[in-house]
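The paragraphs below walk through one protein chain, beginning at a single loop and moving from there to the overall fold and its interior. Please keep the sequence and the model in view while reading.

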Amino acid sequence: MENEHLVEYLSYDPPTEIELLLRSKVFYQKMKTRRSVRHFSNRKVPIEVINTLLKTAGTAPSGAHKQPWTFCVVSSQELKRKIRQAAEKEEFENYNGRMSDEWLRDLAKFDTNWQKPFLEIAPYLIVVFKQSYGLKENKKQKHYYVNESVGIAAGLLIAAAHEAGLVTLTHTPSPLNFLSTLLKRPKNEKPYLLIPIGYPLDEAKVPTLKRKQFDEIVVHYT
Ligand code: IYR
């Protein structure tokens, strides 16, 4: 049978090899300066910027193009305070018994603890929800590769924010269920990540970390 679905020619502007080399290097040089930041300034960011970053996130590939994500943008001070309170309640338990000694040792260099002031200070908290299934006219619709799809979308968001000149934290308060209640999300959505976005404090500090060597992360088969 003929495929009755619409197709179109790929819109593609072929680069020269020099352009390929140059652009790949420029992007790498930019991305290698990205850091997860916990010391945020409360300086405002135009909402148009955040919305544009989210449009980029929404360009991610997804299983059967189901786009199984919802991005909740929290700027309400009251809601940020509630999120901080609920997150700190869980994190207090995590740091005082729920996390193993090995885990606590692994985290020592990040100087984290149960307190999460950045949840109130950052101008925006993006709460990324994954849609385990779709809901159309109250009927369940299957979604595929949901974790992979939403993970890629979150990666694009983090890269877009860095490219624009803002900082992010990939935050996973655990368990995250309180976010469904506070943000009144429907039952097909589960919280996936919480990403504060904004400017860093002038005196923001980050731990001294080394990325793995190229040979440790890449295996070529020629
Ligand atoms: N969620 C806790 C603990 C934590 C866990 C990992 I893995 C990190 O990379 C960083 C923190 C917290 O946010 O403090």
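In this predicted model, a convenient place to begin is Ala64, which lies in the loop between helix 2 and strand 1. The phi angle of Ala64 is near 50 degrees, a positive value in a residue other than glycine. Most residues other than glycine have a negative phi, and most peptide bonds are trans. Ala64 counts as exposed because its relative accessibility, 55%, is over the 50% cut-off.

A second residue invites the same reading: Asp111, placed in the loop between helix 4 (101–107) and helix 5 (118–121), has a phi near 55 degrees, again positive in a residue other than glycine. With a relative accessibility of 69%, Asp111 also counts as exposed. A peptide bond deserves attention as well, for Ser174 and Pro175 are joined in the cis form, with omega at about -10 degrees, and Pro175 belongs to the loop between strand 5 (167–168) and helix 7 (178–182).

Stepping back to the whole, the protein chain contains eight helices and six strands, which follow one another along the sequence in the pattern α-α-β-α-α-α-β-β-β-α-β-α-β-α. The C-alpha trace spans about 60 × 50 × 40 Å along its principal axes, and of the 222 residues 34% count as buried. Among contacts between residues at least 6 apart in sequence, 81% join residues at least 24 apart.

Strand 1, which follows the loop of Ala64, is mostly covered, five of its six residues being buried. Strand 1 pairs with strand 2 in the antiparallel sense over six bridges, and in this pairing Val73 stands opposite Ile126 of strand 2.

What, then, fills the interior? In soluble globular proteins, nonpolar side chains tend to be buried together. Here the largest nonpolar core has 23 residues, and those with the most contacts inside it are Ile50, Leu53, Phe71, Ile126, Leu157, Ile195 and Ile197. Two or more residues each are given to this core by helix 2 (47–57), strand 1 (69–74), strand 2 (124–131), helix 6 (146–164) and strand 6 (189–198), with helix 6 supplying the largest share, eight residues. Leaving aside residues up to four places away in sequence, Leu53 touches Leu157, Ala160, Ala161, Ala164, Leu166 and Ile197. Apart from this core lies another, of 19 residues, which includes Val74, Phe129, Val167 and Phe178.

Key
Residues are numbered from 1 along each chain as its sequence is written. This is a predicted model: local features need pLDDT of at least 70, side-chain atom pairs count only at pLDDT 80 or more; totals for chains, interfaces and linings use all residues. Side-chain values use heavy atoms; hydrogens and water are left out. Helices (H or I, at least four residues) and strands (E, at least two) are DSSP runs, numbered from the N terminus. Buried means under 20% relative accessible area, exposed over 50%, partly exposed in between (1.4 Å probe, protein chains only). Contact means heavy atoms within 4.5 Å. A nonpolar core is a set of buried Ala, Val, Leu, Ile, Met, Phe, Trp, Tyr and Cys residues joined through side-chain atoms within 4.5 Å. Two strands pair if DSSP finds at least two bridges between them.
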